[in-house]
Protein chains: 2
Amino acid sequence: MRLLVVGSVALDSVITPFGQVEDALGGSAVYFSTAASILTGVRLVGVVGSDYPMEQLVDLGARGVDLSGVERAEGESFRWKGKYSYDLQSRETLETRLGVFANFDPKLPDGYRDAEYVFLGNIDPELQLGVLEQMRTPRLTVCDTMNYWIQGKRKPLLELLQRVDVLMVNDSEARELSGDWNIHRAARWILARGPKRVVIKQGEYGALLMEPGRTFYVPAFPLEEVFDPTGAGDAFAGGFMGYLARSGQTSPEAMRRAMVYGATMGSFAVAGFGVRGFESVRPEDVLGRVRLFADLTHVPLAEQVE
Amino acid sequence: MRLLVVGSVALDSVITPFGQVEDALGGSAVYFSTAASILTGVRLVGVVGSDYPMEQLVDLGARGVDLSGVERAEGESFRWKGKYSYDLQSRETLETRLGVFANFDPKLPDGYRDAEYVFLGNIDPELQLGVLEQMRTPRLTVCDTMNYWIQGKRKPLLELLQRVDVLMVNDSEARELSGDWNIHRAARWILARGPKRVVIKQGEYGALLMEPGRTFYVPAFPLEEVFDPTGAGDAFAGGFMGYLARSGQTSPEAMRRAMVYGATMGSFAVAGFGVRGFESVRPEDVLGRVRLFADLTHVPLAEQVE
């Protein structure tokens, strides 16, 4: 298995205008793995408490996710509770209980260290650096972060940026990190600090892939029904990395295709509560939607330049 | 000349974080014509007051805009004054003085009635219907509207929808018209009321072209500097209609190309105050940007479906 993810394994309670769930499987590494495992094998590193419903994690194992890197610690699992607005445009965090996640210190099983594709989910940048230290010679390292670390751990975060290939964040994080509200200037600011590429996720508006001098844009899939946006960004990352790991590529062209796979997985994620949106998704469904994406922005070229 | 626009000819006073202008050339028909005239001739129908700086309108004439349909009435010209937020994401209207525009009743010069491509800018839907009555056999009719008419003139607006080919509005207008916050359901609602297509503009996020069963998406051009968003939507319409009128097409493929021309003109519009963003734009600049747009969303297909 070429692909490694390090991140949170949580229990999410989510309220949307369409219903609610309690203590459902969640966390960045879970969403990432659920999406990526449709495309390729995944090695997962995370921590759960003694109260975690392991039988649900086992479903992930059946999908091809190697769970031997999931540590089980004494104490409560990481729990998050949130509520979305009527139009799903904003959400309020009602409760965050870190539990055993507060002391998470990722230790990679020796067999994990040769992974070629590494996704560092949103955890303390010092821990993300620690994971990189444990890697042998990864071909592609991608990291996420969040406002909490941008504010509180800026120095290690900037150090991390010098050591990863791609930063993948949402637009508000890119703005906060750079101190610039213009998303394109913000991306240039980030590129000047180390990463060769930056991916900026914009929710229902799609995502941008920026490298020096060139930008790629993938829209979000047009959906008439969105049930739960939770985890869409991590599913995007799972599709992006899953495609690259499966195809063994890192070229600029492959990155563009990976963006489409990311957007495709994001569109499945929002179709159900938690990871349920993926329950019946087969590889051919992914491929079908990837093809629809290609049509969505296709400009018929023949007469375009007349 | 195949292309006709009916709309406002105004004097705009605009305050942005980057400066301000007073009584600058503005109005939907002016922005539309400035953009469209780079591609093709335009016939303009509108009204100005006795205080209008006609020497500035003459510049439009030099660009190939037929101004014989601009009525000059006794009284004050239409004036709008607005102020944008620091990030240009929202704006506040400080003053609206309709002046002679309050009694605008578009009368088409006889030579205008055989125009094939008609854009009905944002005016009272009863007046938009009146313009259609005066047309002989237009090939493509496109109309804009705004929240004021959606609330106050719903009945004639719904009648108008049954008689136009394309409704072109921004996302908040589509939501208000349909009563649905999901933009794709809102578009379907609109399509069920007459138009064969709907274009939904989303500002810095681009624009959607929806027809039954198929959606096309064009992003906004990645710009690190935006000076004044005023008129970008009308410039979009001018690029869209200008391309179609010049090429004499109405096919689905041509509509997609027209969307890219629309987005291109929108990107020039925001680069300067008022219509200044267009001052030095030549046809080859438009073509160059259209080509950049094609690259912006290009998914390299060869291996995409592996």
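These are my notebook entries on the contacts I looked up in this structure, which is a predicted model.

**Entry 1: the two chains together**

I began with the interface. I found 47 residues of chain A in contact with 47 residues of chain B. The size of an interface is often given as the accessible area lost when the parts come together. For chain A and chain B I noted about 4300 Å² buried between them, with 53% of it on carbon and sulfur atoms. Which three residues supply more of the area that chain A buries against chain B than any other three? They are Trp181(A), Tyr205(A) and Glu224(A), which supply 16% of it.

**Entry 2: polar links across the interface**

I then turned to the polar side. Between chain A and chain B I counted 20 residue pairs in polar contact. I also listed which elements of chain A supply at least two residues each to the side that touches chain B; among them are helix 6 (171–178), helix 9 (252–269) and helix 10 (283–296). Helix 10 of chain A gives the most, with six residues.

How many salt bridges run between chain A and chain B? The count is eight. I looked at three of these crossings.

- Asp295(A) meets Arg214(B) in a salt bridge, at 2.7 Å from N to O.
- Arg188(B) and Glu224(A) are joined by a salt bridge of 2.4 Å, N to O. This pair runs from helix 7 (residues 183–191) of chain B to the loop between strand 13 (214–218) and helix 8 (232–247) of chain A.
- Glu225(B) pairs with Arg185(A), and their closest N and O atoms are 3.5 Å apart. Here the loop between strand 13 (214–218) and helix 8 (232–247) belongs to chain B, while helix 7 (residues 183–191) belongs to chain A.

I checked accessibility for some of these partners. Glu224(A) is partly exposed, at 25% relative accessibility. Glu225(B) is also partly exposed, at 42%. Is Arg185(A) buried or exposed? Arg185(A) has a relative accessible area of 19%, so it counts as buried, since the cut-off for buried is under 20%.

**Entry 3: charges over rings**

Arg185(A) came up again. Its charged end sits over the ring of Trp181(A), 5.3 Å from the ring centre. Trp181(A) is one of the three residues that I noted for buried area in Entry 1. In chain B, I found Arg289(B) over the face of Phe221(B), at 4.4 Å from the ring centre.

**Entry 4: salt bridges in the whole structure**

I widened the search. Over all chains there are 46 salt bridges. One of them joins Arg79(B) and Glu76(B), at 3.6 Å from N to O. Arg79(B) is buried at 15% relative accessibility, whereas Glu76(B) is partly exposed at 34%. In chain A, salt bridges with shared partners build one network from Asp23(A), Asp51(A), Glu76(A), Arg79(A), Glu95(A) and Arg97(A).

**Entry 5: aromatic rings**

Last, I looked at the rings. The structure has 18 aromatic pairs over all chains. Phe101(B) and Phe104(B) make a stacked pair, 5.6 Å centre to centre with 20° between the planes. Both Phe101(B) and Phe104(B) are buried. Tyr148(B) and Trp149(B) make an edge-to-face pair, 4.8 Å centre to centre with 80° between the planes. Tyr148(B) is exposed at 56% relative accessibility, but Trp149(B) is buried at 15%. In chain A, I noted one aromatic cluster of Phe78(A), Phe101(A) and Phe104(A).

Conventions:
Residues are numbered from 1 along each chain as its sequence is written. Chains are lettered from A and ligands numbered from 1 in the order in which they are written. This is a predicted model: local features need pLDDT of at least 70, side-chain atom pairs count only at pLDDT 80 or more; totals for chains, interfaces and linings use all residues. Side-chain values use heavy atoms; hydrogens and water are left out. A salt bridge is a side-chain nitrogen of Lys or Arg within 4 Å of a carboxyl oxygen of Asp or Glu. Helices (H or I, at least four residues) and strands (E, at least two) are DSSP runs, numbered from the N terminus. Buried means under 20% relative accessible area, exposed over 50%, partly exposed in between (1.4 Å probe, protein chains only). Rings of Phe, Tyr and Trp (its six-membered ring) pair if their centres lie within 6.5 Å; planes under 30 degrees apart count as stacked, over 60 as edge-to-face and the rest as tilted. A charge sits over a ring if NZ of Lys or CZ of Arg is within 6 Å of the ring centre and within 35 degrees of the ring normal. Contact means heavy atoms within 4.5 Å. Buried area is the accessible area (1.4 Å probe) that two parts lose on being put together, summed over both. A polar contact is a pair of N or O atoms within 3.5 Å; within protein, one must be able to donate a hydrogen and the other to accept it, and residues adjacent in sequence count only if both atoms are side-chain atoms.
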